[in-house]
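Hi there,

Here is the structure I promised to pass on to you. Have a look at it first, and then read on for what turned up.

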Amino acid sequence: MKRRLMLFNVSVVVAGLAAAFLLALPLVRGLMYEEFTRRLDTSLALMTSSPQTIRENPQSFALLESQALQQSGQQMRVSIIGLDGNVLGDSTVDGSEEGENPFNSNHLDRPEIQQALKDGHGYHSRYSQSVGETFLYAATYIPGYFFVRAALPITELEDVMNRILLFLLASMVLGTAAACLIAMANSRRITRPLMALTSAAVKISGGDLGSRATVNGKHELGELARAFNQMADTTQKTIEELHRKHRQLQGVLQGMDDGVLAVSKGSLLLLNDRARELLEDPTLTEGSPLGGNLLQNRLLDLIRSAKRQGGPIRDTILCPGTPERILNVYAAPLNAGKSGEGTLAVISDVTEMRRLQQLRSEFVANVTHELKTPLTSIRGFIELLKSGDRDEETRRYFYDVLDIEAERLHHLIDDMLVLSQIENAKEDVSAVPCNVEQSLQSTIEQLRPMAEKSRVTLELSSEHDILVPCSPTRLQQMFRNLIENAIKYNKQNGRVTVTALRQRGMAVIRVADTGIGIPPEHLDRLFERFYRVDTSRSREIGGTGLGLSIVKHLAGLYNGDVSVESTPDIGSVFTVHLPLAANNKPAS
Ligand code: ADP
C-alpha cells in the first residue's frame, strides 16, 4: 500500500515534470528564435537607415557594422547583396579568411532574399558553406538599391537551448528526488494511521478486545481512528456483557439440580452436567445427536411431541434398573423467533421424592394400623365389661388385657416420639463420653428378670473403659432394644452373648443369640419402621416394630452403624459400630 502510494505520487510528479519539459522545450526554442529574429530586425533597421552610406562602400560598411555589433557582444554577420544577387559586401570576408568566398556565388536564390524580394523582409535558417556554420538569416530589401542581410550563428541559439535543456533535466532529476522524498514522507503519513488501524482491527478480530489504534491529529484518518476506537469500545462492552451473561447462565445451568437441555433437529444445542448424568452419557456435548440409549430415545419422543403440539408437555419416564429411577420431563418449544426451532427439556429425578412419598404414606398406614389394633382391642373389652355382669376372675382378666393394650399403645407412642426426635436431630450436642461396659451391664441387669422368665441366659464380655461420645440414655436404649429382641426372639434355654471391644478406632458391640434367626430375604428391610418378620408373634410379645429402626437411627446420629447376620433356627448377631471418644486408647 505504502509503496504503491509512493510510486503513484512519484509517477505523477515525474509525468508532470516530463510534460512540462516537453512543452517548455519548443516554447523556449520559439522564444529564443523570436529574440534572435528581433535582434536581427533591430540591427537591420539601424543599418538600412542610411542606404547611401552602404552604397558608397558596401564591403567596408559590412565590416564596420559587424565589428560594431561584435563590440556590443553580438556575433553578427552582415552582407550587402546587389539586386542581381551578387554579394557587394560581407563581414566574413576580410581577405585573410579561408573557405568559400561569398563574392563568387549569386545569392538571389537564397530563400531569405526571395522572401525579402516578395515581402520586404525575409528569414531563413541554414548551414553556410562559405562560413561553415549554421546561421539565422534576415534580409531587408531596399528597393532600387540592394538587399541588406544580417545573420546570427545559430550555434549560439543551440548553446542556449542546450543549457536550458541541461537545466531542465537537472531540475527534473532534482524534482524527482524531491518528489520521491515528499511522496515517501506523505505516503508514510497516510499509511501509518491506516497501518495502526489495520493492526488494531487484526488484534481485535484475533480476540484482543482491548487493542486500540493510536492515531493523533485532526485529519480524516484521526477522525476515522477515533470512530474506530469508539466502535471497538462499544463492541468490547457488548461482548464482555454477553460473556458475563453467558457465564451467569452457565453458572445457573450447572448449579441446577435438574438436567436442562435444548435440542434442535435431534442435536443438542446446549446441556448442563446434570443432564449428562441423568441421561447416563458423559460424552454428550453441544452438537452431538440425542438418542444414544433407550432413555434418550424416549426423551426425544417427548421433545418431538412438544414440538408437534407447539406447547409444553409434562411426562414421567421410568428407567428400569436397580434402583429403578423415575424422571419427570418438561418439554417446551423454544420461543426464540424464526430461528428458534429448538425445544427445551428439563429433567428432574424424582426417585427419592417418590420414595419418600411412598414411605410417608406407608408410615401413615402403618401408624394408623398399629394404633387401631390396640384401640380396637381396648374398645372391645370395654364393651364386654359394659355388656353384663362378669365374675371377678373374668373382670380381672379383661382389666389385664386392657392394661396390656394400653401399655402397648404407650410403648408405640413412646417409640414414635423417640424416632421422630432422632430423625429431626442432626447431631446430639449433649453427647458425653459414655462407658460402654457400664451401660451394657446396667441394661442387662434391667433385662435379667425378663430373660429369666424366658429361660434365656445373658452373658457379657467387654473390654474395660470403652468410651463413646453419646447420650447415656440413648446408648442404653440402643443396647436395650437389641438385647430385648435377642431375648424375645430366642428359644427356651437359649443364650444371649453380648461382647464389646475396640477395633480400628471404633467400639464394636455384638449382641448374639441362639434364637429363631431371620430368613435372608428379610434382612434388607429389617431396619425399616414397622417391619416385622412375623407380625403376629411380634405383636403377641408386645413389639412395636420400631425397635431396630430406633437402633439404626441412633447409631447414625452418633456416626456409627448397625448390621445383622442371621441363620434361621441357629440365631442372629447384631453388630453396632460407634466411634470411640477422643483419646480413648485401648486399656493396657
Ligand atoms: P419388634 O418390636 O417387632 O421387635 P423390632 O424393630 O425390634 O420390632 O424388630 C423388627 C423385627 O425383626 C421383629 O419383629 C423380628 O421379626 C425381627 N427381629 C429383631 N430381632 C431379632 C432377633 N434377635 N432374632 C430374630 N428376629 C429378630
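Arginine 504 sits in the loop that runs between β14 (495-503) and β15 (506-513). Please keep in mind that this is a predicted model. The phi angle of arginine 504 is near 45 degrees, which is a positive value in a residue other than glycine. Is arginine 504 buried or exposed? With a relative accessible area of 80%, arginine 504 is exposed, because anything over 50% falls in that class.

Asparagine 559 can be read alongside it. This residue lies in the loop between α15 and β16 (561-567), and its phi is near 60 degrees, again a positive value in a residue other than glycine. Asparagine 559 counts as exposed because its relative accessibility is 62%.

Now to the part I expect you will want to open in your viewer: the ligand site.

The ligand sits in the largest pocket. Three elements each give two or more residues to the shell around the ligand: α12 (472-488), α15 (547-557) and β17 (571-579). Helix α12 gives the most, with 3 residues. There are 21 residues around the ligand, and those that come nearest are Asn485, Tyr489, Ser538, Thr544 and Leu548. By type, the shell divides into 9 nonpolar, 8 polar and 4 charged residues.

Which polar pairs are there between protein and ligand? Here are three that I noted:

- Asparagine 485 places a polar side-chain atom 2.7 Å from an oxygen atom of the ligand.
- Aspartate 513 has an N or O atom in its side chain that is 2.9 Å from a nitrogen atom of the ligand.
- Leucine 548 takes part through its backbone, where a polar atom is 2.8 Å from an oxygen atom of the ligand.

As for cover, the ligand taken alone exposes 530 Å², and the protein buries 98% of that.

Next come some residues in the helices, beginning with α5 (residues 154-205), where methionine 172 lies. Methionine 172 is buried because its relative accessible area, 19%, is under the 20% limit. How far apart are methionine 172 and tyrosine 141 in space? Their C-alpha atoms are 45 Å apart, while in sequence the two residues are separated by 31 positions.

Alanine 179 is found in helix α5 too. At 8% relative accessibility, alanine 179 counts as buried. Its pairing with serine 11 is worth a look: the two are 168 residues apart in sequence, and their C-alpha atoms are 9.1 Å apart in space.

Helix α10 (residues 392-424) holds glutamate 405. Is this glutamate buried or exposed? Glutamate 405 counts as buried, since its relative accessibility is 11%. The side chain of glutamate 405 is joined to that of arginine 408 by a polar contact of 3.1 Å.

Glutamate 452 has its place in helix α11 (residues 436-453). With a relative accessible area of 55%, glutamate 452 is exposed, whereas glutamate 405 is buried at 11%. The C-alpha atoms of glutamate 452 and methionine 184 are separated by 119 Å, with their positions 268 residues apart along the chain.

Last on my list is glutamine 75, in the loop between α3 (58-71) and β1 (77-82). Why is glutamine 75 called partly exposed? Its relative accessible area is 46%, so it falls between the 20% and 50% limits. Glutamine 75 and asparagine 583 are 508 residues apart along the chain, and 137 Å separates their C-alpha atoms.

If you would like a place to begin, I would suggest the ligand and its pairs with asparagine 485, aspartate 513 and leucine 548. After that, the two residues with positive phi, arginine 504 and asparagine 559, are easy to find in their loops.

Happy browsing, and do write back with any questions.

Best wishes

Technical notes:
Residues numbered from 1 in each chain as written. Predicted model: local features only at pLDDT ≥ 70, side-chain atom pairs only at ≥ 80, totals over all residues. Heavy atoms only, no water. Near = heavy atom within 4 Å. Polar contact = N/O pair within 3.5 Å; in protein donor to acceptor, adjacent residues only side chain to side chain. Areas by Shrake-Rupley, 256 points an atom, 1.4 Å probe, with all protein chains shown as cover. 1 Å grid on protein atoms, 1.4 Å probe; cavity = no way out; pocket = protein on both sides within 12 Å on 5 of 7 lines; lining within 4 Å. Sits in = over half its atoms within 2 Å of the grid points. Helix = DSSP H or I, 4+ residues; strand = E, 2+ residues; numbered from the N terminus. Nonpolar A, V, L, I, M, F, W, Y, C, P; charged D, E, K, R; others polar. Buried < 20%, exposed > 50% of the residue type's maximum accessible area, 1.4 Å probe, protein only.
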